[in-house]
Amino acid sequence: MKTLLIPAGLLLAANAHAQKFENLAATPQMGWNSWNKFACNIDEKLIRETADAMVRIGMKDAGYEYVNIDDCWHGKRDKNGNIEPDPERFPSGMKALADYVHAKGLKLGIYSDAGATTCGGRPGSRGHEYQDAITYAAWGIDYVKYDWCDTKGLNAAAAYTTMRDAIRSAGRPMLFSMCEWGDNKPWEWGADIGHSWRTTGDIYPCWDCEINHGSWSAFGVLRILDKQAGLRKHAGPGHWNDMDMMEVGMGMTEDEDRAHFSIWAMMASPLISGNDLRSMPESTRKILTNKDVIAINQDKLGVQAWKFMSEGTLELWAKPLANNEWALMILNRGAGAINFKVDWKKHKIGDDLSKRELDINKTAYRWLEAWSGKTGDTARALDLTIASHSVAMLHLKVK
């Protein structure tokens, strides 16, 4: 009698339930994506050099791990329908590129679309979901960003479920990042499907603007922040509200970049940089690698911040952290500097979602301001000057 040898991957696929891979994105994912800076002007040389830079400049040590190729890497499908990379831009192939990135201790991400074509007009995955997932697994891909262009007639939840199941059946754990722009309220149905979902249209590197493109708009930092109201209850370990890739180092002021990075950290959004890592100034590198701000984003409790107070253009945001710690952000949305006194004993902050309470009258804390490095405790009031379009970021730990 002959023995039938079944590949381990097929056994896994046969036994797996239709669900996303667990043990991914326990904290918001961190990495880099090619789109914001390079759009379709990408090739394997750029990806290799970006992986090199991520290690060299300390981003890997700071927690960034994914190097994500966005749209326009695609070539054509072969006679069997298998997707191939553009042979001129990626002549070594995706497997060799993944091997290179993995050798750096990093992970490689790739992009596709639920429609027949991507937003850049390349071949999408519609009708090829399982085939593409098998291809990505064979290449060694670790992250799939899945867009929503050219999807007329598709149901969003069903389309993303199909790709989730395809990734599962391929047998390789891949983080599934749903880029549906919030049009179909993915926060209401996405937790069992993806590891993160976009909550808005695309970001634009400005403080407070909307760029109208006719059928869609791009939004500045504050516009995206304001669209997060009411969404925090849907986020948590393994399923995050994604406020889009960051624009740090892409043309805003340093104060605006610090505020942008702080907001994404407080809101437990994925931290995916979008600038050119190979040539950024030291000021940008310091923002992206600020370990104290990153620690707030990567806190294992996984609770998104909320706005608990506002006074004119000044807003106070709170984020419960593990070990009875807290993060507070004082955000100045306005055009002028603001002096503000933090009277610790004046306000008791209670969070109905996490059932956590910050009461200085009951518990004393020491604090660290994440951008200046200044420290102190809650025994006395704290006088702050918040620059225009800037923040103070306080991390409180029990004394």
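These legends go with a set of close-up views of a predicted model.

**View 1. Helix 3 packing alongside helix 5.** Here we're looking at helix 3, residues 44-56, against helix 5, residues 94-103. Their axes sit 10 Å apart and meet at an angle of about 10 degrees, so the two helices run roughly parallel. On the helix 3 side, the contact is built from Glu44, Ile47, Arg48, Ala51 and Asp52. Helix 5 answers with Ala96, Leu97, Tyr100 and Val101. Sort those residues by class and you get six nonpolar and three charged, with no polar ones.

**View 2. Helix 6 and what covers it.** Helix 6 spans residues 129-139, and its buried residues are Glu129, Asp132, Ala133, Thr135, Tyr136, Ala137 and Trp139. What lies over them? The cover includes two helices that are easy to pick out, helix 5 and helix 7 (156-170). Strands join in too, among them strand 3 (74-77), strand 4 (83-85), strand 5 and strand 6 (143-147). Just past the end of helix 6 comes Gly140, with a positive phi near 95 degrees.

**View 3. Thr118, tucked into the loop ahead of helix 6.** Follow the chain out of strand 5 (107-113) and, before reaching helix 6, you pass Thr118 in the connecting loop. Thr118 is a loop residue, but its relative accessible area is just 3%, so it counts as buried. Its side chain makes a polar contact with the side chain of Asp71, at 2.9 Å. Beyond its sequence neighbours up to four places away, Thr118 touches Asp71, His74, Tyr111, Asp113, Pro123, Gly124 and Cys149.

**View 4. Two loop residues on either side of strand 11: Ala229 and Asp244.** Ala229 belongs to the loop that leads from helix 8 (221-226) to strand 11 (240-242). Asp244 comes in the next loop shown, between strand 11 and helix 9 (254-266). Buried or exposed: which is Ala229? With a relative accessibility of 63%, Ala229 is exposed. Asp244 has a relative accessibility of 3%, so this one is buried. Setting aside residues within four places in sequence, the contacts of Asp244 are Arg198, Gly201, Asp202, Ile203 and Trp264. For Ala229, look across to Lys307: they are 78 residues apart along the chain, yet their C-alpha atoms are separated by 8.9 Å.

**View 5. Asp299 and its contact with Ala322.** Asp299 sits in the loop joining helix 11 (291-297) to strand 13 (306-311). Its relative accessibility comes to 10%, so it counts as buried. A polar atom of the Asp299 side chain lies 3.0 Å from the backbone nitrogen of Ala322. Leaving out residues up to four places away in sequence, Asp299 touches Pro320, Leu321 and Ala322, plus Thr27. For a sense of scale, Asp150 is 149 residues from Asp299 in sequence and 37 Å from it in space, C-alpha to C-alpha.

**View 6. The annotated stretch at residues 311-396.** An unreviewed UniProt entry lists this span as "domain: Alpha galactosidase C-terminal". How much of the span is helix, and how much is strand? In this model, residues 311-396 are 0% helix and 53% strand. The C-alpha atoms at the two ends of the span lie 22 Å apart.

Technical notes: Residues numbered from 1 in each chain as written. Predicted model: local features only at pLDDT ≥ 70, side-chain atom pairs only at ≥ 80, totals over all residues. Heavy atoms only, no water. Axes fitted to C-alpha atoms, helices over the stretch in contact; angles between N-to-C directions. Helix = DSSP H or I, 4+ residues; strand = E, 2+ residues; numbered from the N terminus. Parallel < 35°, antiparallel > 145°, perpendicular 65-115°, else oblique. Contact = heavy atoms within 4.5 Å. Nonpolar A, V, L, I, M, F, W, Y, C, P; charged D, E, K, R; others polar. UniProt positions renumbered as here; feature names shortened; annotations may be inferred. Buried < 20%, exposed > 50% of the residue type's maximum accessible area, 1.4 Å probe, protein only. Polar contact = N/O pair within 3.5 Å; in protein donor to acceptor, adjacent residues only side chain to side chain.
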